[in-house]
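Colleague: Got a minute to go through this one with me? Please put it up on the screen.
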Amino acid sequence: MLSLIIMISLSVLILASAILAVQTKNLVVAVIAAGLVSLMASIGYLLLAAPDVAMTEAAIGSGLSTIIFFYVLNRVRGRDNG
Amino acid sequence: MIFEPIQIPWTILGLFIVFNVGLILTGTVRKIGARVGRRRGIRIYQPYIDLVKNYALRSNFTHGMMFYLAPVFRLSGGVGLIVFMPLIYDSVHFSNFSFAGDAILIMYFMFFGTLGMALGAGEGGVPFSAIGISRGLSQVTAAEIPLILAFLAVFIQTESFSITEIVAAQQGGFLNWTLFTNPLATATAMLAFLGSMMRSPFDIVLAPQEIPIGPPTEFHSSFLGVLSTNRAVFPMAKTILYVNLFFGGATSWPELILKSFLLYMWSVVVGTIYPRFRTEQSIRWFMKYPLILGVITILVLQFG
Amino acid sequence: MVKKLFVIIVLIGLAVFFYGMLSSFSGNETLNMSAAYYAENGAEEVGAANLVTAIVVTYRGLDTLGEVTILFLTAAIAAFFLKSKDNFSKRKVKESSELLKTASSMLVPLIFTLGIYVFVNGHLTPGGGFQGGAILASGLVLLLLSEPLQKVNSVLFAVVESISGLFYVGIGVAGIFLAGGFLDNSILPLGEFGTLLSAGALPVIYILVGLKVGSELSGLLTKFQETQEEN
Amino acid sequence: MVNLILINPIYIIGIGLGTAFLLGFFKKGKSVAWALMLAALAVMTYISFTWLWSFIFNGQLPEQVYTAGFKPPFSINLLMGKSEAFFTFLISFVGFLGGIYLFDKLKEQGTHAISVYLILIMGLNGIVMTRDIFNLFVFLEIASIATAGLIVLTPDIKAFSAGFKYMIASGLISGFLLIGIIFAYYFGGTLNIDFLIQADLLAVKGGVFAVFLIIIALLLELKPFPANGWGIDAYEASPAGINAVISAASAGAVYYVLSKVLPIADAKWYTVTAVVGMITFLGSNLMGIKQADAKRMLGYSSVGQVGLLLVFLGLSKQLGINFEFIVFGIIISHYLAKAGLFWLAGIVKTGKLKEWGILRRKPVLVFFMGTFIFALLGLPPFPSFFAKWTLVMTLSAAGMNLWVGLILLGSLVEAIYLFRWLGYTVKLDDNKELSLSTPLYKTIPVWVFGLLTYYIGYLSSTMVPGGSSLSMFYIPLAFVGVLFIVDKFLPVLIKNTVSIAAMAYYGWYYMADLTEFRMLFAIIFIGGGIITLIAGYAKNGKRIGFYPFAMMMYAGLAGLLLSENILQFFISWELMTLGSYILILRGKKSMPHALSYMLFSLGGAFLILAGLGLAYASSGANSISLDILKNVNQYSGLIYAFLAVGFMTKTAAIGLHIWLPGAHAEAESDVSPMVSAILLKAGMFGLVVLMLSMGSQSLGGVSLPYLLGWLGAITAILGNIMAVFQEDAKRLLAYSSVGQLGYVVFAMAFMSHLGWLTALAFALNHFVFKALLFLAIGGVVMRTKTKTMYEMGGLIKRMPFSFISVLIGIIALSGLPPLTGFAGKWLSYNAVIEKGWYFQGFLVSIAGLVAFLYCFRIIHVIFLGQPKDKFKNIKEAPLPMLIAQYILIGAIMLFSIMPNMVLKPVGDFLIQYFPDGALQWQGGTAISRLGRWSGVAIMNITMGIFGIIFVWLLFISRKAVKVKPFNIFYSGEAPSRPELTHFGYNFFAPYKKAVGFLVQPLVTRFWYGLADILHSISDLVRRLYNGNGQTYAFYVIIFMVVFSFFTIGG
Amino acid sequence: MDFGQIAVSVGFLLILIGVWGILTQKNIIKIVIGFSVFDTGLHMIMVGIGYVKGGTAPILDGAIAPGTAPINIVAGIVDPVPQALVLTAIVIGLGVTALMLAYVVRLYEDRKSLDISSYEDLKW
């Protein structure tokens, strides 16, 4: 029962961050929100008995992709600001 | 019927008669035309004098090959028409060389002279002749269109192209003439006839006021002589064709001459009444009344 | 705005479609045919405790090879237009703080060890080549953050990448000769189930995958990094 | 056959990948890397080749390749069957040649690019071989990412934006594919395709969703219209060498995948595939019309071709045993042609179609370009022709006429832009500022594929049903081939002589046994061909590109006469069309006209094809003999109408005539007589075959010959009237041909003895005098360098021999006695009265009168009147042309004097078809029921009179002085439009004023209107492709949603 | 409610959100973010599909002791296949995202704009 509650609240959080990621004008917030989606999804994967996937999603989806996003943002924003 | 040498002298005789009749007819018609216009007019034998004068002229020049050939073409056309037509119905001697072909041949042979003439005139390089030719060809072909319809009607009616047979079908009283058996076709043909005779209102081709005398402008002396010879022969040939196709043909020379004269007069009468048409006016005119009449004739035959 | 309206309409259509799919999905009570087979025979045939790894590396080894290839492709493509133009050294880049430097000099070896651990134990515990590789790459990120001026030796990555790739293909081919087929892990003895040196060539393959993924991701990251420094 | 050692196909993937990884060591040695890549590709090609070889020749059975030592469905397995061997071979081979071609680009971008390229080829191979659906997904991803990477091989902004769009769309598509795959796994319990097929997903509730997603995603990968903007942009942006591989290899691979996966679905999905394919085929080709960029246009064409393949796939059940052959033909043609064309596009570099003239610097490449275009459009002797032929026959037999119609329609639309492009290349200016570099590594692939196109065409010809009968083409086509090879080296003199000798020999050896109609047409085709070739001696230099095509045309014409089955007949028809198209295209300003000629011809050919297909189906005899036309059971009216209209595109009946004037008028001086006097008769021959086989048929209660009669009559009169108003001499003659062929059709429609005699007399005459006139006028045009009549004048002095030719020609044309033209007229009157079609007959007579007008004009304005100063010293036409003319004059004279020589035998064999109403002959006199006509007598009498008068006139005017025409000019004023003051301009102005309304270019307006509409639609629809990646992605989603509604039903 | 079903529903919703982002956002980086959400959705669906009610992770030394009879293993674990597939899919997703971002960088360098409508050179 507890896990179900966790799962549902996790789902709500995932969806909320996803909407935030897609809708916000602030790119940094968007990237972080997208990373959060991945991170929370990886928690969800643990609940779904998929530790391998959880690790991968955490390392790659929320880790490396976010880093690449930031590299690109940095690159692009630096230009915008001056 | 096949060719026999004896036909040659008879044909030449027929040709000679037609030639003289044609010359006299020309003179007569001009005289009458003058009288109607309250002028004295020429002497009836004046055409003979003109002809001799032309042949006798000493000054003589040429433009080249086609210039030479033009009168030859022209006269061959006229003579050929006579030669390919049976003149007198049921006469062995005056059937000429009609074994060579039929009415279709005549229809197409009419253009032989026209073509040569136009070409010869063209070589002269005088724009007047070119203008005359353009007008002439336009008008003649326009007139020819209803004519073809009328001819077709006759062919269909008698189921033959042979002039002899067409005349034969009209024997036995004047009510058997095409004039009465197919008045529409005849009417069409008579309207078309006006156009081919180059008389007012369809005489713009020669239009003496604008372009000295049309296509033959450059021709004179013996060349003009040959052309004038043809002027006697060619209208006669056409008239005879009409007589054969629409007016019961002729069984004797007097009948032929009388009918030809009357028919000839038809164009003269109309000519003295109406003023001249411009070329496109003529074309439109031919495309209107005669054509409509002719088409009705054909449609009646085809679907009626 | 009209465009958004269209998008909404189409998305509703898509949602209806998805709803249809969802309602046809009723969850699983038992394993299906394939999964049951793996569950029953995986341990015996492959000798790996981690069934996911067994599937990834052997049963579906060709997928994994393809997947590694995709990363390779991405790095290669990014490389040929995100080229460094050798002018970044002229530019002044802000020095990183001492704290970051010290922290990273301590952390990086740890991270690397963790990564290696993860892929060496891929056949026993959760994790494996990809995860380990990714961890190696994140170690590198830290390195890059702390020492922006240090020219990362991209040649090293390329060599590691090529060698591991070649060996990977080589092991696969060896499978044809020594065992049942391409990428068969039984070219090496299966060993005792559950120990480090078991599951035949599986750990070797996973190590190669880990090295390859790590070097590829690192290569990719440095490409972005270098471009960033470029101007 | 030789046994080749088979190599495990997994090595294709192993070697590809291994080499790609190995390249990492060669960062500096780019040439070594490139060579390694080629070596790898060569080995990959060889592996596939060994398999293909064994499958074809050694009866090899398909072989499963297991990975990881386990059996499917639990591990991934690959399959090497015949299809796999074929497709992998295609992929690796184009990869290999493409690799050579890309030498400079790949070297420039370095080792990375080389390995990406290699991986692309490897991935495509994997796509073809794998039997596991998720593995398929992985390979698809590899291929699409590699493609996205190669798009930016020329790193400019366009390439990057195209690559980005490509990635958005393909990312979405592969996402949906993945959902489909995982659900398929859920419902089917396996990922192996074979097991999924057995699992019958559609039987499970919800399984349809999985099937839908998988199939729709694969369809989307094939870039269906309109959800394909991303693909098209990629084609435009990426380097041509890459496009060649994408178009030739990727499309083939994904197509094969779809055919592999489609069995998981049921019949409905096949229909969906066919419909999507058809929409794509039509839509993409429609888009192609408006394109100005070569690569983009080819992109549309590629997408269209794939659409066509999808149609076949969807209809595979209906195509039955012929499916493989059809797909093989279309795929291999697309493969060779599209790769070849893209390579050429890379050589030309400039994107703009109108700048392709620079390719002419390398005539061989233009030759190959033509080859590829013809192959793409399914013209013989290329493989796609045989495929299309089989397709139409099979579909017709299955009663699927709508599909046949749409496929042919789409092909026609495709022809519009491809032929326009070819026209630009052959005709438009060679822009000197552009450079054309043709390094060996770029031309070799083109050569290889070009030659392969021919070889595989030959192979296909042996595989098609009835293919053994095609050996009749070998000798003539081999001769054409030899001419192509020596074309560059030999002068006209030799080639002309050889050609004449070859034609004479061929005619003598193969065609002497022909009888009846075929003999008559053989005289026209071969005899006429030889005479017109004689005129060819007038040309100097080498005349490159003339003889092969002229001979090809004659080979086609001869083939028509020799053909015994519909396949031979149709191939001959197409060969003739092709040859003549190029001949016409050779003219100076003939580009647009050649295009419209080709389009009308193709349209006609397609109608013929459809008609033959229907006949094949309707006769039910499963035979392709020409006799099936005699045994049609149903659709007879439709077949008759199709074939008749098809043939009449060649005879240029009114409504279908607009190509003719330009094509004939702008052609070279000795090509005009070929196409006008000879080629048009091919259409007539078609009608002869049709009408003799099928007799009279009616459609919707209307007798078709009756309609033909009206059509012929109207064509005759309108064609002639239009001729009257032409200012251009050759155009005038061309319109006259329209009219003359109208007579022929009219007379044939009588279906009576006299009617056919008339038609044949007309045809024979037209052949002689039109050849004569075109040669004569051609000679004049050659000297004066103008075709406008009023700019000439007075040429009789300088060119008397030509004048005489024209004079004789026009007398014969206008049907004046005593020359031959009269024969036709006289016969036609007989036939008309007998048949009772008076009014139509009257129209035809008027047409004759009108002909007289233009005949006169052409001779008058050109040869008579004031000579022009600038032509003062002009020379008579070259001797060879005059010789040809005088041979024809001889023929006219002979025929005029002894018409019985030809007409009597013709009448004799006509009796067996039309026994009633034959002519009686008394020596040279023909006697019909209605009248008589003696050609000899008329000739003799006329000449007698003419001679006598001429001699007499010569005598009386012997002292005539020759003068020069007055030089009348404009009185010192220079008019702004000098032609207005020239009598020869608008010669028949009165007629124009009176009846000009009759010749309003209604038909022209109609076709141009149609073309405009087509262009506007194309222009409108292509606005869909607004260049925005988001919009493209949107289309992808819409496509999916819309199709989900149609297939799953909401 | 089954965890698997929840995961699949969330996955579908994520996909819808991602597609919404791809189709409506003007900024190309936002479009790539939309993609990454889309990808996460895909992965969730896949993992959800493989979930078996009450199953444990498919690792034989954790909840399931080594030596357990095969039939019991079958009863005890979740489906390992989708998990294997997801591993592959995640890495592929990373590749695609990285490549897209690389394109973004290049596009931006050329035109200094992140608006997708600035890149419509090729059309019609």
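Colleague: In chain B, what share of the contacts with a separation of 6 or more comes from residues 24 or more positions apart?
Modeller: In this predicted model, such pairs make up 78% of those contacts in chain B.
Colleague: How many helices and strands does chain B have?
Modeller: Chain B has 11 helices and one strand. Along the sequence, two helices come before the strand, in the pattern α-α-β-α-α-α-α-α-α-α-α-α.
Colleague: Why call chain B as compact as a globular protein of that length?
Modeller: Because its radius of gyration is 19 Å, close to the 19 Å that the globule rule gives for 304 residues. The C-alpha atoms of chain B fill a box of roughly 55 × 45 × 40 Å along the principal axes.
Colleague: And what percentage of chain B counts as buried?
Modeller: 60% of its 304 residues.
Colleague: Switching to the assembly. Which two chains share the most contacts?
Modeller: Chains B and D, among six pairs of chains that touch. Chain B has no contact with chain A, and their closest C-alpha atoms are 79 Å apart. Chains B and E have no contact either, with closest C-alpha atoms 53 Å apart.
Colleague: What are the ipTM and pTM?
Modeller: ipTM is 0.84 and pTM is 0.89.
Colleague: What pLDDT does chain D average?
Modeller: Chain D averages 88, with 98% of the residues at 70 or above. Over residues 967-972 of chain D, pLDDT stays under 50. The model has four contacts beyond four places in sequence for that stretch.
Colleague: How should low pLDDT coordinates be read?
Modeller: Where pLDDT is low, the predicted coordinates should not be read in detail.

How values were computed
Residues are numbered from 1 along each chain as its sequence is written. Chains are lettered from A and ligands numbered from 1 in the order in which they are written. This is a predicted model: local features need pLDDT of at least 70, side-chain atom pairs count only at pLDDT 80 or more; totals for chains, interfaces and linings use all residues. Two residues are in contact if their C-beta atoms, placed from the backbone, lie within 7 Å. pLDDT is the predictor's confidence in each residue, from 0 to 100. Helices (H or I, at least four residues) and strands (E, at least two) are DSSP runs, numbered from the N terminus. The radius of gyration is taken over C-alpha atoms; the globule rule is 2.2 Å times the number of residues to the power 0.38. A residue is buried if 20 or more other C-beta atoms lie within 10 Å of its own, exposed if 12 or fewer, and partly exposed in between; C-beta atoms are placed from the backbone.
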